[in-house]
Amino acid sequence: MLRFILRRLLETIPVLLIIASATFFMLRLVPGGPFTAEKAVSKEILRNLQAHYGLDKPLPAQYAAYLWDITPKRFAPWRLFADTDRNESPDFDLKAAFGINLGPSFKYPNRTVNEIIADKLPHSLELGLWALAVALALGMPLGVLAAMRKNTAADYTASTLAMVGICVPTFVMGPLLVLFFALHLHWFNASGWYFASDRVLPAATLGLVYAAYVARLTRGGMLEVLNQDYIRTARAKGASETRIVLRHALRGGLLPVITFLGPAIAGIISGSFVIETIFQIPGLGREFVTSAFNRDYTLVSGTVLLYAGLIVALNLAVDVVQVWLNPRLKFE
Amino acid sequence: MKATAPTAPPAAAERPTSPGRDAWLRLRRNRLAVASGVFVVLLGVICVLAPPFLGHGYADQDLSLGATPPAATHWFGTDELGRDLLARLLYGGRISLMVGFVASLVALIIGVTYGAVAGYAGGKLDAFLMRVVDILYALPFTIFVILMMVFLKQPMDQLDTWLRQFDFLKNLQGIGKIVGLFAAIGAVEWLTMARIVRGQVLTVKKMEYIEAARTLGFGHTRIIFKHIVPNLLGPVIVFTTLTIPSVMMLESFLSFLGLGVDAPLSSWGTLIKDGADKMENFPWLLVFPGGVFAATLLALNLLGDGLRDALDVRAAKD
């Protein structure tokens, strides 16, 4: 197992290197710089600005400096959230934890990308976790139910609901939920991120789509497992249907769901761009889209890198759990 | 459709059956899938042919009218500039459907070629090519599409100017952006296709008729494209059908973020975005585009599922 994890860890290095390089060159080689929007800037000021941000050096030198800055130099993940009690220091301290320095922001004077991420990421993480909880809490029972009552009205209803959930995009679902629950029933605020109740609609919007996928996958996985011999054995021994599902079938039946968690997390991360826009949540997703429009090079590449790192790390975790649940996979 | 062997016609009255015909018969029994197929085709035909007969252009403003709810003159109502929503929906449908189909085609061509080469070559080349796919899989797609759309804006505008010097493209304002969408989305959607095709090729290439073709001295290109690729039709058709809705989803996602086609052109994504902004006072502006869009995605997904059952893709893979 340790060798498996180590090998997978090594494999992530080229992935992250490619992402970092692709982002770097994509941003540098495309026409238009971060300062092109401000027309009134004179040549001298522009030169000073570029010097300040290191843009006057030749491209290879910029690239080398960038790669060094983003290389993790220590491994202390427990320090990520170490200073939460003191207001001044960021909550999500990449520098203290890994020694990663993402540089100064081009558009927000006197702010570093590390600080901006520390500011915004916790909101996005919270949203993502709630959404994931909604997806699993709703999708798994629905899928198990559909599988246990295969080809009955309950199954068809659940499957149809799941299909509809997949086909209604978040940016339709979200506004519709707002229209009904916020503007019509006045149960929630239409947007904002201040009270606990403000979490409900965004998490539901983002979670429902993935609940639909989870339900479909759970149903398929459960159906496959319920046909196997050891289930028949359990049944022959007189185990109750509930016991069969909970004790015997669920472990194997949930494998497809766990495989899906990797892409789902990536999807929830990018889905949050839209959700954060709709509900005006001060998260990193909205910040990322804005920074791309603003050509804030360092903020864009820092965010992309962070997302990529998150996705790669979570995919790795998913793989490990999968191998743990199904040791046959290790040899493939 | 796979060709039947030119054998003598059987004596019985029934027509000889082929895998393609079998699949068609199976598909026809699945009423939901057939209805979905009919819906998609009909929608496409209406979007392409109907707009000139509406009497309203997609950019015709009538400021004195403003936003009105659905009525006899404007079936789906109008937006706050007095533009007919139905006309905008149909013109938007042209763009959304076109992006869906063309970008899927781009993904199809890249994916099939890549997968076929990897599977057929085998060995080190295969290992390398699939490793690349694995790495790309780990990338956050959506983020890269967003980056491409933002940072290729200027090149796309240049492309737009260049393309519009041709007479037949003169009226297609914003075509550069649309071509950009094809490229950006096609560039990220081919990975799964490549995997599926490679798996299928690995199975097919061990079959005897491929050996026969090789014995006859046919070149690799000919064997790949004439003998192997036709046998991939089933999975490729199914997967392409399922790629179209996910491409359309991505396109409208980009439009929602303001990275899609520019006004006055509209895709369903931009219409939904506008509708969401104004839903408090004019809910029909959100409900109609959202409904049509979701219905189209639903139909395409149901059609894809039906095709999968009809072409028995899972069984063909095992």
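These questions and answers cover a predicted model and its chains A and B.

Reader: How many residues of chain A are in contact with chain B?
Author: The model is predicted. On the chain B side, 29 residues take part. On the chain A side, the count is 36 residues.

Reader: Which class supplies most of the side of chain A that touches chain B?
Author: Helices α1, α6, α7, α11, α12 and α13 of chain A each supply at least two residues of that side. It has no charged residues and 3 polar ones. The other 33 are nonpolar.

Reader: Is Val304(A) buried or exposed?
Author: Val304(A) sits in helix α13 of chain A. A residue needs 20 or more C-beta neighbours within 10 Å to be buried. Val304(A) has 26 inside 10 Å, so it counts as buried.

Reader: Which residue of chain B is in contact with Val304(A)?
Author: Set aside neighbours within four places in sequence. Val304(A) then contacts Ile19(A) and Thr23(A) in chain A. From chain B, the contact is Ile143(B).

Reader: How far apart in space are Val304(A) and Ala20(A)?
Author: In sequence, 284 residues separate Val304(A) and Ala20(A). In space, C-alpha to C-alpha, they are 8.1 Å apart.

Reader: How many of the 14 residues of α9(B) are buried?
Author: Helix α9 of chain B runs over residues 191–204. It reaches 20 Å from first C-alpha to last, close to the 20 Å expected. Its buried residues include Leu191(B), Arg195(B), Arg198(B) and Val204(B). The helix is largely enclosed by the rest of the structure, because the buried count is 10 of 14.

How values were computed: Residues are numbered from 1 along each chain as its sequence is written. Chains are lettered from A and ligands numbered from 1 in the order in which they are written. This is a predicted model: local features need pLDDT of at least 70, side-chain atom pairs count only at pLDDT 80 or more; totals for chains, interfaces and linings use all residues. Two residues are in contact if their C-beta atoms, placed from the backbone, lie within 7 Å. Helices (H or I, at least four residues) and strands (E, at least two) are DSSP runs, numbered from the N terminus. Ala, Val, Leu, Ile, Met, Phe, Trp, Tyr, Cys and Pro count as nonpolar, Asp, Glu, Lys and Arg as charged, and the others, Gly among them, as polar. A residue is buried if 20 or more other C-beta atoms lie within 10 Å of its own, exposed if 12 or fewer, and partly exposed in between; C-beta atoms are placed from the backbone. The expected span of a helix is 1.5 Å times one less than its number of residues.
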